[in-house]
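Please look over the sequence and the fold shown here before reading on. My comments follow as numbered points.

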Amino acid sequence: MTTALNILIIGGGQMGSAIALGFIRSSAKISIIIVEPDLDRRIEITDTGIIAVKETPNPITSEVIILATPPHIFPLLSELHPQLQHFTGVIVSVMAGVSLSELTTRLNRTQVFRSIPNLACSINQGTTLSIPGPQVTRKNEDLINRIFSTLGTSTFVTEEHLLDSATALVGGGPAYISYFTAALIEYAKTAGFDNASATSMVIQILRGTSALLEAGPDTPMRLCEKVMTPGGTTQKAINHFNHMQIRTSIVDGLKQSFLHSVELGRRSWR
């Protein structure tokens with residue numbers, strides 16, 4: 001980031017805080033304020049070195065506002081934060097399911113974005129998918145791409161339905177990987193390893209496998225097949241996973257997440 005930038009984040013939950021931490025760690029030129037009504041949460045945020053306030057500043061001097069509240073709060077946003085009506089900068093929503101049309105209508109703004117980041121943004125290893133509103137300027141599109149690129153990878157899409165899919169995949173991705181990681185650690189502990197050793201081994205397995213996949217050229221399933229010796233121990237486990245239809249269950253689970261994202265958007269209109 002070559003020029004100073006002030007960002008206001010409304011909502012100090014896990015995602016809002018992760019974004020703030022990533023920005024702070026990426027550049028000394030990015031100034032962050034989080035608006036969070038809950039006192040205990042504000043104290044936790046302040047302890048990380050980020051400014052947290054109870055109410056939206058008046059006037060708002062930030063160039064960018066990131067809306068990181070739960071989707072059901074969105075219909076009340078103008079009432080809870082009346083200062084927004086005078087804001088003329090860029091607004092980015094990271095709320096699940098809230099559509100661009102709803103953002104532009106309720107906020108009465110044209111310079112709006114929908115973005116789906118994930119928690120790895122806090123350590124600048126995140127993934128963020130975004131879509132700009134139909135009247136967003138190229139200058140503002142470049143700005144949002146630039147700031148989210150400091151958090152990891154930033155990708156723009158042209159079809160809005162992909163943002164609901166990204167909610168399931170990108171937003172939820174760390175949870176799914178962590179869920180599988182917990183199962184591997186649980187196995188290691190039942191096999192006799194202490195918790196520290198089990199955790200260290202599994203994290204290194206994940207790190208090494210990610211590096212292999214990134215280095216290529218193998219696809220994930222090709223790498224899986226390389227590990228399996230025909231009739232061997234790994235194949236025995238994979239055969240069991242296939243019998244239990246675990247891959248199908250994972251895909252079906254993400255589809256359920258996608259559908260819930262769409263439903264959350266519909267509820268916020270009600």
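The points below take the sheet, then the helices on it, then the helix pairs.

1. This is a predicted model. Keep that in mind throughout.

2. Start with the sheet. It is open, has eight strands and shows mixed pairing. The strand order is S3-S2-S1-S4-S5-S6-S7-S8. The edges are S3 (51–53) and S8 (152–156), each pairing on one side only. From one strand to the next, the twist averages 25°.

3. Look next at one strand pair. S1 (residues 5–10) runs parallel to S4 (residues 64–67), and four bridges join them. Leu8 has Ile65 in S4 as its bridge partner.

4. Which strands does helix H4 touch? H4 (residues 100–107) packs on the sheet against S4, S5 (90–93), S6 (112–116) and S7 (126–132). Its direction makes about 140° with that of S6. Helix H6 lies across S6 and S7, at about 35° to S6.

5. H6 (residues 161–171) also packs with H7, at an angle of about 35° and with axes 5 Å apart. Ala168, Leu169, Val170 and Gly171 in H6 meet Gly173, Pro174 and Tyr176 in H7. This contact has five nonpolar, two polar and no charged residues.

6. H7 (residues 173–190) then packs with H8 (residues 195–215). The angle is about 135° and the axes are 9 Å apart. H7 is therefore oblique to H8. Their crossing is right-handed.

7. Who meets whom there? From H7 come Thr181, Leu184, Ile185, Ala188 and Lys189; from H8, Asn195, Ala198, Thr199, Met201, Val202 and Leu206. By class, the H7–H8 contact has seven nonpolar residues, three polar and one charged.

How values were computed:
Residues are numbered from 1 along each chain as its sequence is written. This is a predicted model: local features need pLDDT of at least 70, side-chain atom pairs count only at pLDDT 80 or more; totals for chains, interfaces and linings use all residues. Side-chain values use heavy atoms; hydrogens and water are left out. Axes are lines fitted to C-alpha atoms, for helices over the stretch in contact, and angles run from 0 to 180 degrees between N-to-C directions. Helices (H or I, at least four residues) and strands (E, at least two) are DSSP runs, numbered from the N terminus. Angles under 35 degrees count as roughly parallel, over 145 as roughly antiparallel, 65 to 115 as roughly perpendicular and the rest as oblique. A crossing is left-handed if the near helix is turned anticlockwise from the far one by less than a right angle, and right-handed if clockwise. Contact means heavy atoms within 4.5 Å. Ala, Val, Leu, Ile, Met, Phe, Trp, Tyr, Cys and Pro count as nonpolar, Asp, Glu, Lys and Arg as charged, and the others, Gly among them, as polar. Two strands pair if DSSP finds at least two bridges between them.
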